[in-house]
Amino acid sequence: MPDYNFLFKIYGVRGSYPIAPVEGTQFGGNTTCVMARTPDHVVIFDAGSGIIPLGKELLPEILEHQKKSDDPFHITILFTHTHIDHILGLPYFTPIYMPQVHLHFVGPPTVGVDFETILRTQVMPQYFPVSMDEFRSQKSFYNVSENTFVYFNDSKEPVIGDVRHQKPGQFGFRIDTMKYYFHPKDGTYLYNILWNDHKITFATDIEGYKGGDQRLIKFAQNADILIHDAQYTEEQYKMFCGYGHSSFVMACDTAREAGAKKLLLFHHDPNNSDEQLKTLEKDAQKLFPRAELAKEGWSWQV
């Protein structure tokens with residue numbers, strides 16, 4: 001048995017596209033992917049290129065499960081939005097090829113297109129040689145909305161419900177949602193990842209405000225960890241205002257107003273070197289001392 005009740009781990013921290021600089025990087029070059037899990041439930045957020053090493057990491061556990069049970073190994077994947085840097089790793093995610101795996105895809109319909117259709121379009125034969133139906137895993141698709149919650153109980157499958165009709169329990173493993181509108185073209189979804197009385201707020205690909213956005217501040221209130229888009233320095237933000245990403249100042253303002261215990265600066269610009277990122281981190285810590293750069297392999301457990 002694992003030595004944790006709840007584990008959170010980062011697998012991809014970059015925005016826009018993956019990088020592999022000649023000089024290397026201390027923080028990671030993969031695009032967005034994080035995982036939250038208990039011993040019985042695996043939940044992944046976004047399928048950027050970081051999901052590829054995550055899939056390889058899960059493989060021994062899936063094979064061990066297969067030896068002990070005929071029941072499928074369930075994995076839930078929630079998507080903040082479906083821009084390419086957040087889905088490009090999915091066709092290379094090893095478990096998607098395994099018939100003993102059941103994948104539960106939860107994500108947003110975008111500009112009138114159903115979420116399942118978006119994922120199927122990504123692997124049409126014009127773009128990828130294996131179609132969604134040819135992936136051997138079992139698959140379920142759900143459209144997410146601001147009223148959606150995901151809850152895990154004794155069943156291996158997620159309970160996906162609507163807060164207008166039912167409420168999840170106040171304890172255990174659950175995920176709440178919030179739609180954020182300031183990311184082109186149809187916004188993005190933020191997630192509160194809850195384990196008993198612990199909370200991680202995952203807020204990437206958002207363009208905030210100086211002083212903080214009140215809806216987000218309320219959503220992230222008292223979070224153990226706030227993961228906030230901080231793609232730009234103040235000077236960079238002047239050039240890229242309106243692109244749907246935040247400066248580190250916006251992230252620090254939100255963390256301070258929300259009373260977050262720790263801030264992870266996320267969605268690193270692929271053009272920023274490690275030295276530039278370290279400078280950004282030092283400047284952020286002047287505003288919010290408990291800020292640090294998100295890094296591949298970083299984990300937190302209870």
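Okay, let's start with a histidine: His267 sits in the loop between S13 and H6. Its phi is positive, about 65°, although His267 is not a glycine. Before I go on, keep in mind that this is a predicted model. So is His267 buried or exposed? With a relative accessibility of 0%, His267 counts as buried.

There's a second residue of that kind. Asp205 is also not a glycine, and its phi is positive, near 55°. You'll find Asp205 in the loop between strand S11, residues 198-203, and H3. Asp205 counts as buried too, at 1% relative accessibility.

While we're on backbone geometry, take a look at the peptide bond from Pro184 to Lys185. That bond is cis, with omega near 0°. Lys185 belongs to the loop between strand S9, which is 173-180, and strand S10, which is 188-195.

Right, on to the sheet. It's an open one with eight strands, and the pairing is mixed. Reading across, the order goes S8-S7-S9-S10-S11-S12-S13-S14. Which strands stand at the edges? Those are S8, at 159-162, and S14, at 291-293; each has a single partner strand, so one side of each has no neighbour in the sheet. On average, neighbouring strands here are turned by 20° against each other, if you ignore direction.

Let's zoom in on S13, residues 263-266. S13 runs parallel to S14, and three bridges join the two. One pair to click on is Leu265, whose bridge partner in S14 is Leu293. Towards S12, S13 is again parallel, this time with four bridges. There, Ile227 stands opposite Leu264 of S13. And what about the faces of S13? Both are covered: Leu263 and Leu265 are buried on one side, and Leu264 and Phe266 are buried on the other.

Now the helices that go with this part of the sheet. H6, residues 274-287, lies across S13 and S14, and it runs at about 170° to S14. H5 and H6 pack against each other at an angle of about 35°, and their axes are 9 Å apart. The crossing of H5 and H6 is right-handed, if you want to check that on screen. Which residues of H5 and H6 meet? From H5 we have Phe248, Val249, Cys252 and Arg256, and from H6 they meet Leu280, Asp283, Ala284 and Leu287. Sorted by class, that contact has six nonpolar residues, two charged and no polar ones. As a reminder on spacing, an α-helix has 3.6 residues a turn, so residues three or four places apart point the same way.

Staying with H5 for a moment, how many of its 11 residues are buried? Nine are, so H5 is largely enclosed by the rest of the structure. Among them are Met250, Ala251, Asp253 and Thr254. The cover over the buried residues of H5 includes helix H3 at 214-219, S12, helix H4 at 234-240, S13 and H6. Right after H5 comes Gly259, with a positive phi near 70°.

Let me move to the other end of the chain numbering, to Thr31. Thr31 is in the loop between strand S1, 7-12, and strand S2, 33-37. Its relative accessible area is 0%, so Thr31 is buried. What does Thr31 touch, leaving out residues up to four places away in sequence? The list includes Gly12, Val13, Arg14, Tyr17, Pro18, Ser49, Asp85 and Leu88. For Ser49 there's a distance worth noting: its backbone nitrogen lies 2.8 Å from a polar atom of the Thr31 side chain.

Last stop, Tyr142, which is in strand S6, residues 138-143. Tyr142 is partly exposed, with a relative accessible area of 26%. Setting aside neighbours within four places in sequence, Tyr142 is in contact with His104, Phe105, Val106, Gly107, Phe115 and Ile160. With His104 there's also a side-chain to side-chain polar contact of 3.4 Å. And to Asp114, Tyr142 is 28 residues apart in sequence but 9.4 Å apart in space, C-alpha to C-alpha.

That's my tour. Questions welcome!

Methods
Residues numbered from 1 in each chain as written. Predicted model: local features only at pLDDT ≥ 70, side-chain atom pairs only at ≥ 80, totals over all residues. Heavy atoms only, no water. Pairing = 2+ DSSP bridges. Axes fitted to C-alpha atoms, helices over the stretch in contact; angles between N-to-C directions. Contact = heavy atoms within 4.5 Å. Left-handed = near helix turned anticlockwise from the far one by under 90°. Nonpolar A, V, L, I, M, F, W, Y, C, P; charged D, E, K, R; others polar. Buried < 20%, exposed > 50% of the residue type's maximum accessible area, 1.4 Å probe, protein only. Polar contact = N/O pair within 3.5 Å; in protein donor to acceptor, adjacent residues only side chain to side chain.
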